[in-house]
Structure formats: C-alpha cells, structure tokens
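Student: Hey, can we go through this one together? I'd like to start with a single residue and work outwards.

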Amino acid sequence: MLSVLRVHLPSDIPIVGCELTPYVLLRRPDKSLSTEDVPESAPVDGHFLRYKWYRIQSDKKVAVCSVHPSEQATLQCLGCVKAKIPVAKSYHCSPKCFSDAWQHHRVLHDRAASAVSENGNEEEELFGRFNSSGSGVVNTALSGSLSSTTLTNGSAPLYPQTVTQRSGGVTWIEVGRSKTYTPSADDIGHVLKFECVVVDAETKLLVGHVNTILTSCVIPAPSPSPRRLIPVSGVDMVGNVDSDDRVSSGTFTVLSYNILADVYASSEFYSYCPSWALSWQYRRQNLLREIVGYRADIVCLQEVQSDHFKEFFAPELDKHGYEALYKKKTSEVYGGNINTIDGCATFFRRDRFSSVKKYEVEFNKAAQSLTEALVPSTQKNTALNRLVKDNVALIAVLEAKFSNLGKRQLLSVANTHINVPQELKDVKLWQVHTLLKGLEKIAASADIPMLVCGDFNSVPGSAPHSLLAMGKVDPLHPDLSIDPLGILRPPGKLAHQLLLVSAYSSFARMGAGPGLEQQKRRLDSTTNEPLFTNCTRDFIGTLDYIFYTRISLQAKTQTLTLQVRDGDT
C-alpha cells in the first residue's frame with residue numbers, strides 16, 4: 001500500500017514570495033521508493049496524496065526586523081509610519097541595528113520628504129531628531145505594541161478572518177491545498193504547517209497517520225538597494241537614449257553575471273549566511289527579477305546549473321523575449337550529480353539579434369592536445385591532472401537586427417568562467433590565452449567585433465588580466481614564475497591582437513558628468529577597474545569583466561553603477 005516515509009523542507013524559514021516545495025519520500029505498493037507526486041487524478045493502487053497548508057495564527061502578533069528578517073523586531077521608526085513608508089521597513093531588532101542601518105534607512109525618509117512641499121519644523125516632527133551617535137532616534141519601542149492586535153499592514157488588516165480551527169488562543173487558517181505554497185505578506189510573523197496524508201480514492205478516508213511539518217515564522221523578502229544605469233559623457237559616447245531609456249539604433253546593452261550555482265551555495269562555504277538566504281527557491285526569484293530588471297540586450301551568465309537552465313532560466317527568460325544558448329562544463333573532474341553540473345548561458349533579445357553560429361570551447365580537449373604535443377609521455381598523467389579542470393567557454397556569433405550601417409553587422413560574444421584554484425596561476429593564464437587565440441581566428445575570418453565576458457577569477461594586474469587588457473604579459477610578471485609544465489614559454493607567445501578594453505575602465509577616459517566623479521572614486525586608480533565585483537567574508541576584489549574590441553565597438557552612453565561596501569561612499 002502507498003505510504004509516506006519522510007517529509008521535510010529544504011529550509012525551515014519561509015520567505016514571502018518564495019515557493020515552498022516539501023520533499024516527500026514515498027513507499028509505493030511494489031516496495032519501491034519514490035518522490036513523485038500521486039494526485040487524486042492518478043491514484044496508485046486506489047490511493048492518492050492529499051496536501052494542506054495552514055497558517056498558525058496566535059493572538060500574539062509579532063513584527064520582524066527589516067534588516068535582519070529572521071529576528072523579532074523590538075523597535076519601530078515612527079518617522080516611517082508618519083511618512084506612510086511601508087510599515088515592514090520601519091521595524092528593527094535593536095538600537096544598534098537601527099543605528100548601523102541609518103545610512104540606508106534615511107534614504108526612505110529623504111524620498112518621503114522630497115514629496116512634501118512644506119519644510120521647516122515639519123521635517124523634524126516627521127523624522128525625529130538625531131541622537132548623540134548621529135544615527136537617528138528610534139521613535140517608539142515595541143515591547144508592548146508588538147503583541148497588540150491592532151498591528152496592520154498599511155491600511156488593511158494584516159490577516160484575513162477566515163478561521164479553520166481555534167484552540168487555546170491559536171487559530172489555524174487553511175491557506176493552500178497543493179504540494180507547494182508561496183507565502184504572502186499575510187503570513188509574515190506566523191508559523192506555517194504542512195500536512196501530507198494518504199487518502200483512499202474510493203471512500204476519501206484517511207489512511208495512516210498525518211505527516212506534518214512546522215516552519216519557523218515567515219519573514220519578508222529583503223529589498224536590496226537597486227542599481228541603476230548612469231550617463232557617462234565623453235569620447236566613448238555613441239547614440240542617444242530613447243524616451244523609454246532604451247538606446248537608439250546601433251547600440252546595445254550587455255550584462256555579465258556569475259549567479260553562484262546552487263550546488264556551491266552551501267552553509268559549508270557560506271557559514272555566515274542564513275540558510276534561507278542560500279536556498280535556491282529564494283535566490284532564483286531575486287536573480288530573475290534583477291536580470292530582467294536590467295533589460296540588457298545580451299546576458300552572459302556563469303555557474304548556471306544544467307537543470308536550472310532547462311527548468312527555470314530558459315523558459316522564464318523566453319517569456320521576456322530572450323533566446324538562449326548554453327554550454328555545460330565537462331565532467332572529467334566533477335564527481336557530483338550529472339544534472340547539477342554548471343555551465344555558461346548566453347541570452348539575447350530575439351527582437352535585437354539572431355544567432356548565426358555557436359562555438360564551444362572545452363579546455364579539457366585543449367589540455368589533451370597540449371600534452372600530446374609538448375609533454376613527455378612519462379609526465380602526461382601529471383600534466384593532465386594539473387590542466388584538466390572542466391572549464392568551458394561559449395562563443396556566440398550574433399547578427400544585429402538594428403544595424404544602421406546598410407550592411408550585415410555581426411558580433412561575437414564570448415562567455416566563460418575560468419574556475420581554477422589560485423595556486424595554479426599557469427593553468428589560469430593558459431586557459432585565458434587559449435580562449436583569446438580562438439577568438440583571434442574568428443575575428444580574422446570575418447572582421448567581427450568582439451565582446452569577452454565572464455568570471456575570470458583573476459584580479460586586476462594579474463597575468464590573465466594583463467593579457468586581456470594589455471594584449472600581452474610582461475616577461476618579468478611574477479605569475480610567470482609558476483610554470484612547472486613549461487606551457488607558458490616562451491613568454492613572448494603570451495599575446496594577442498584583439499585590442500580589447502575593459503568596459504568600466506572607460507570611466508577613466510571620460511570627462512565630467514552627473515555621477516561620474518563618484519563612480520571614478522569606486523575604481524582602482526592603478527588598473528581603472530572596479531574596486532570589487534565579488535564580496536564575501538574572506539575575499540573582496542574584482543574577478544569579473546566585460547571586454548570589447550575598442551576599434552570596432554565603443555562604450556555605451558550608460559554604465560551600471562558601481563557598488564560600495566557599507567560605510568564607504
């Protein structure tokens with residue numbers, strides 16, 4: 001008979017807007033184990049599974065911190081309430097939390113104040129006076145009001161009044177009857193309960209015990225500060241901005257983004273991140289929202305799992321007008337699930353470009369050829385162990401549909417992730433050099449402009465970055481001292497003729513413009529690259545780049561704002 005053996009959730013902290021999908025392990029009548037659903041429309045041996053979701057609503061309502069959503073709020077900013085800022089953004093878990101967040105929190109106040117025509121004393125009344133720390137007074141404490149039944153979300157009651165069951169001051173409200181459930185704002189601060197039970201298809205009676213899961217309190221999804229495109233005027237400017245902020249004919253936008261594959265987003269690597277922030281259900285919605293929000297004509301993503309490409313990114317971005325190309329990494333080193341191997345995905349707007357040709361670069365094959373040609377047979381295994389890293393590159397030749405030059409306009413877009421341990425500097429440089437020599441052949445065959453995008457795991461000034469940006473590597477560069485296989489000799493061969501320039505280094509060649517000086521301060525003065533594109537607890541620096549051929553392409557009139565660390569300006 002059909003029975004449920006195990007039920008659990010990937011993360012016990014539910015987030016508003018992020019779908020919850022329980023893992024349900026079944027034993028089927030033939031004794032086999034399965035995780036496939038058994039709906040009422042397709043019963044197995046006369047039985048099916050019934051699911052229910054409940055919101056457990058206590059008479060004591062709680063609010064959660066807007067900065068640390070897994071913490072209960074103890075303070076509320078009255079200025080936010082008076083300014084009619086969304087109430088969820090007014091809560092903080094401690095005075096220190098509020099003080100630390102004031103730099104960003106005050107932006108909400110400034111925006112509200114700009115909408116008020118009168119100034120003077122009204123501003124002090126609305127936003128409160130500064131305290132001695134200079135951060136801002138928390139106008140009201142929530143020690144008593146947190147449990148008040150008058151807590152609302154805006155002008156509407158926070159919770160519906162449909163009662164399923166009430167006992168001992170606790171109300172259970174049924175909110176769903178499918179296997180999955182997406183928490184809403186009504187669920188914030190409440191525990192959810194999931195029920196799964198086997199039901200007799202004929203009698204509709206329950207069979208066996210009801211399997212249940214209780215979650216932690218639902219928390220609101222954090223809302224990071226949006227990044228925007230800023231105008232940069234100067235010698236690289238080309239084209240005009242249309243009224244809908246899209247560039248006119250002849251120009252296009254490009255986005256490159258390492259999205260961190262779910263298989264790598266583990267608590268082992270990111271122990272300082274809460275589990276809910278690492279869950280794929282949470283991250284994928286944020287990633288999609290951000291990617292779509294930039295409205296780029298070409299999108300280059302790295303660390304895209306093959307299953308996530310097929311099941312999520314390709315179909316979702318297709319809805320927004322993107323065509324997709326994908327290259328999965330090779331699997332000679334990878335020892336995990338074959339479906340979770342990541343790779344490079346390139347998307348382009350089908351109304352702006354069409355695909356002409358696709359090239360796939362497998363660095364493992366290049367390593368095989370290299371060792372056959374240069375390495376003595378007795379050292380081949382050692383050489384391959386060093387060189388084979390499963391990395392790939394995807395090169396797409398696109399044809400522009402918006403060209404105003406009166407002739408066919410092609411564009412080559414390379415997308416790669418050079419994921420090599422830092423100590424193997426020779427391997428990293430060799431892979432970048434191999435990619436560039438392949439691009440040289442494509443450029444020579446048809447004089448095609450080039451874009452080279454990706455996560456190169458190489459900081460500005462390193463040998464791979466020098467090769468990309470300068471077209472060569474100084475023979476005395478310290479990275480060249482690590483070359484046990486002799487694959488970098490002679491140093492003079494480490495060069496190319498593509499004449500690439502980094503997109504963000506264009507800032508250094510610009511004149512004055514709105515916001516431009518602030519962006520220049522966020523560049524490394526030596527390399528003219530961003531101060532960081534990667535920020536973790538253990539590393540802050542630049543690893544990701546967009547390069548373009550400066551003869552045939554020019555920097556766009558707008559560039560994405562560079563981010564700063566908390567406390568910087």
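**Leu387 and its surroundings**

Student: Which residues is Leu387 in contact with, leaving aside its neighbours within four places in sequence?
Tutor: Ala367, Leu370, Thr371, Val427, Trp430, Gln431, Leu485 and Ile487. Contact means heavy atoms within 4.5 Å.

Student: Is there anything I should know about the model?
Tutor: It's a predicted model, where local features need pLDDT of at least 70, side-chain atom pairs count only at pLDDT 80 or more, and totals for chains, interfaces and linings use all residues. Residues are numbered from 1 along each chain as its sequence is written, and side-chain values use heavy atoms, with hydrogens and water left out.

Student: OK, which residues in H8 are buried?
Tutor: Ala383, Leu384 and Leu387. Buried means under 20% relative accessible area, exposed over 50%, and partly exposed in between, with a 1.4 Å probe and protein chains only. Helices here are DSSP runs (H or I, at least four residues), numbered from the N terminus.

Student: Why do they line one face of the helix?
Tutor: Down the axis of H8, the buried residues fall within an arc of 95°, so they line one face. That arc is taken over the directions from the helix axis to the C-beta atoms.

Student: What do they pack against?
Tutor: H7 and H9. On the face turned away, H8 carries exposed Asn381, Thr382 and Asn385.

Student: New topic: how many residues are in the largest nonpolar core?
Tutor: 43, with Leu387 among those with the most contacts inside it. H9 gives the most to this core, 9 residues. A nonpolar core is a set of buried Ala, Val, Leu, Ile, Met, Phe, Trp, Tyr and Cys residues joined through side-chain atoms within 4.5 Å.

Technical notes: Helices (H or I, at least four residues) and strands (E, at least two) are DSSP runs, numbered from the N terminus.
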